[in-house]
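This briefing covers helix packing in one protein model. The sequence and structure come first, followed by notes grouped by topic.

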Amino acid sequence: MNWILLIIAGLFEVAFAACLGKAKETTGNEMISWYAGFLICLTISMYLLVKVTQQLPIGTAYAVWTGIGAVGTVLVGIFVFKEPASFWRVFFLFTLIASIIGLKFVSN
């Protein structure tokens, strides 16, 4: 169950990064709404991270959480914000995914 919560926490990290990107593109009330979404997602992500670190090793949990956030944020950047998907970017994205999976398998 802790690993599922950790994945959800990582997805909320992606969401708060996406909210920051959208807030940057907007003005007025829409910008305020995106910043509100950022704060909500940040709070949920941090709460879940704290909760899972009570059972999982902090080094592993934090690395997986940031890895999910990094991978997800790059994918959001490519698909939502039209950032480039160069060979090297995709290559290192896959090595990051492999590292996250590896940490899961070698952790208790």
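Axes here are lines fitted to C-alpha atoms, for helices over the stretch in contact, and angles run from 0 to 180 degrees between N-to-C directions. The model is predicted: local features need pLDDT of at least 70, side-chain atom pairs count only at pLDDT 80 or more, and totals for chains, interfaces and linings use all residues. Residues are numbered from 1 along each chain as its sequence is written, and side-chain values use heavy atoms, with hydrogens and water left out. Helices (H or I, at least four residues) are DSSP runs numbered from the N terminus.

**Confidence**
- Mean pLDDT (the predictor's confidence in each residue, from 0 to 100) is 95 for the protein, and 99% of the residues reach 70 or more.
- Among the elements, H2 has the highest mean pLDDT, 98, and helix H4 (residues 87-106) the lowest, 92.

**Helix H2**
- H2 spans residues 28-52, 25 residues in number, and its first and last C-alpha atoms lie 37 Å apart.
- That is close to the 36 Å expected at 1.5 Å a residue, where the expected span is 1.5 Å times one less than the number of residues.
- Buried residues (under 20% relative accessible area, 1.4 Å probe, protein chains only) in H2 are Gly37, Phe38, Cys41, Ser45, Leu48, Leu49 and Val52.
- These buried residues pack against helix H1 (2-25) and helix H3 (58-79).

**H2 with H3**
- The axes of H2 and H3 are 10 Å apart, at an angle of about 150 degrees.
- The two helices are therefore roughly antiparallel (over 145 degrees).
- Their crossing is right-handed, meaning that the near helix is turned clockwise from the far one by less than a right angle; anticlockwise would be left-handed.
- In contact (heavy atoms within 4.5 Å) are Ser45, Met46, Leu49 and Val52 of H2 with Ala61, Tyr62 and Trp65 of H3.

**H3 with H4**
- H3 and H4 cross at roughly 150 degrees, and their axes come within 10 Å.
- That makes H3 roughly antiparallel to H4.
- The contact involves residues of H3 including Thr60, Gly67, Val71 and Ile78, and residues of H4 including Arg89, Leu93 and Leu103.
- The crossing of H3 and H4 is left-handed.

**H1 with H3**
- H1 packs on H3 at an angle of about 40 degrees, with the axes 8 Å apart.
- H1 and H3 are therefore oblique to each other (neither under 35 degrees, nor over 145, nor 65 to 115).
- H1 passes H3 in a right-handed crossing.
- Among the residues making the contact are Trp3, Gly10, Glu13 and Ala18 of H1 and Ala61, Trp65, Gly69 and Val76 of H3.

Note on methods. Buried means under 20% relative accessible area, exposed over 50%, partly exposed in between (1.4 Å probe, protein chains only).
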